[in-house]
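Visitor: I've just opened this one and I'm new to it. Could you walk me through a few spots?

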Amino acid sequence: MTAKTLNASQMEEMVATFERVRRYYPMPFSVFASELLYELSSPNPNWTRIFLIQIDCFESCIAFFFFVLLAEAEQHPEINIKASANLIQTLYKGSKLSTGHWWALLRDLSKDVHANKDLDLSDASRIALNLFYPDKQQLPAKFHRFKDLLNEVPTIRNRVKGHSFTLPPEQYASHAIALLKISTMFFSVVEKIDDCTIFYVSQCVGTMDDVFQNDILILNGDMRRPLRKTLLSDHSISVGSLWICLEGDLNQSIVVDRCRLLSPFVQYYPNNNL
C-alpha cells in the first residue's frame, strides 16, 4: 500500500492540519506534527516511521492532557478523585504504565473533573475534557463520538508495535494511513489548544519594587529556538518550572492564578530543547 490510498484532497487536508499544528500549537503537539510533515513530504515516505511517530504522538499527548487535568485537580481540592484514584496511586508509586493505562488515566480523571460542572476550569482543562466528555455546544457534531476512534489507538498500537518481528512495509503503510485519519481529527478536536501557551521559567529575580522579573521560554510552534520573554510577577516562581496558560495571560506580567503548574510531571530540558 502506498500514499495513493489517500486521495489528493485528503492528503492536502492532512498536510494543512499538521502545518497549522507545527506553527501554532504548544509542545508536544508541534514537535510531532513537524516530524510527520517531514516524513509525509518525502518523495518516498517511510511508512514505518510515520506509523511509529503517530503512536508516540498519541501516547505523549494523552499523558500530557492527563497531567493538565491533574494540575487542575491540584488547583481545585474540591474535585473528588474517585474513578481515577487507584490508577493515580499506581502512577505515584512509580510503576511502569502501559498505553492502555494512560488512556484509562485520562478517561477516569476526565470523569472525576467533569462531575464538577460549576468549577472555573482552565481552558487547557476544558480542551482535555473534550476527548472523552465533549462539549457538544462547542465541538461540531462530527467530533462528538471521537472518543470511539481514540480508543482504537491502543489496540492498533498493541497489534502492530507489540510484535517481536518487523511487519512488511505495506502493512505498516496500511496502519499508518488509518492512524493519519485519526490524527487529523484529533488535532481538530483539540484545536483550541493553539490559544494556550506553555512556558518554562529559566530565571526569577527579585527587584527593589517587591516584584519579580522572570526570564521565560515560550514553548509553542517550531521548537528549534524558543521565543524568549522577560515578564514580571507579584511573587517568586520556581526556576525550572513548567506552566500552561492562555497566551493572553502572558502580556507584561504573568497572571499566575490563571496558569496551571505542569511540573514535576511534565519536564523540559532547555540544553537539549526537549
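Guide: Happy to, and one term helps before we start: an axis here is a line fitted to C-alpha atoms, for helices over the stretch in contact, and angles run from 0 to 180 degrees between N-to-C directions. Keep in mind that this is a predicted model.

Visitor: At what angle do helix α3 and helix α5 pack, and are they roughly parallel or roughly antiparallel?

Guide: Look for α3 at residues 47-75 and α5 at residues 99-114. Their axes lie 9 Å apart and make an angle of about 30°. Angles under 35 degrees count as roughly parallel, so the answer for α3 and α5 is roughly parallel.

Visitor: Which hand does the crossing of α3 and α5 have, and what classes of residue make the contact?

Guide: The crossing of α3 and α5 is left-handed. On the α3 side the contact includes Phe 58, Ile 62 and Phe 66, and on the α5 side it includes Trp 102, Trp 103 and Leu 106. Glu 59 of α3 and Ser 110 of α5 take part too. Sorted by class, that contact comes to 14 nonpolar, two polar and one charged residues.

Visitor: Over to the strands: which strands does β1 pair with, and how many bridges are there?

Guide: Strand β1 covers residues 196-206 and pairs with β4, residues 242-246, in the antiparallel sense. Cys 196, for example, has Leu 246 in β4 as its bridge partner. β1 also runs antiparallel to β2, residues 212-218, where Gln 203 is bridged to Asp 215. The counts are five bridges with β4 and seven with β2.

Visitor: Which residue in the turn between β1 and β2 has a positive phi, and is that residue buried or exposed?

Guide: β1 and β2 form a hairpin with five residues between them. In that loop sits Asp 210, whose phi is positive, about 60°, although this residue is not a glycine. Exposed means over 50% relative accessibility, so at 67% Asp 210 counts as exposed.

Visitor: Where are the cis peptide bonds that lead into Pro 28 and Pro 264?

Guide: One runs from Met 27 to Pro 28, with omega near 5°, and the other joins Ser 263 and Pro 264, with omega about 0°. Pro 28 belongs to the loop between α1 (8-24) and α2 (29-40). Pro 264 is in the segment after β5 (260-261). The bonds to find are therefore Met 27 to Pro 28 and Ser 263 to Pro 264.

How values were computed. Residues are numbered from 1 along each chain as its sequence is written. This is a predicted model: local features need pLDDT of at least 70, side-chain atom pairs count only at pLDDT 80 or more; totals for chains, interfaces and linings use all residues. Side-chain values use heavy atoms; hydrogens and water are left out. Two strands pair if DSSP finds at least two bridges between them. Helices (H or I, at least four residues) and strands (E, at least two) are DSSP runs, numbered from the N terminus. Angles under 35 degrees count as roughly parallel, over 145 as roughly antiparallel, 65 to 115 as roughly perpendicular and the rest as oblique. A crossing is left-handed if the near helix is turned anticlockwise from the far one by less than a right angle, and right-handed if clockwise. Contact means heavy atoms within 4.5 Å. Ala, Val, Leu, Ile, Met, Phe, Trp, Tyr, Cys and Pro count as nonpolar, Asp, Glu, Lys and Arg as charged, and the others, Gly among them, as polar. Buried means under 20% relative accessible area, exposed over 50%, partly exposed in between (1.4 Å probe, protein chains only).
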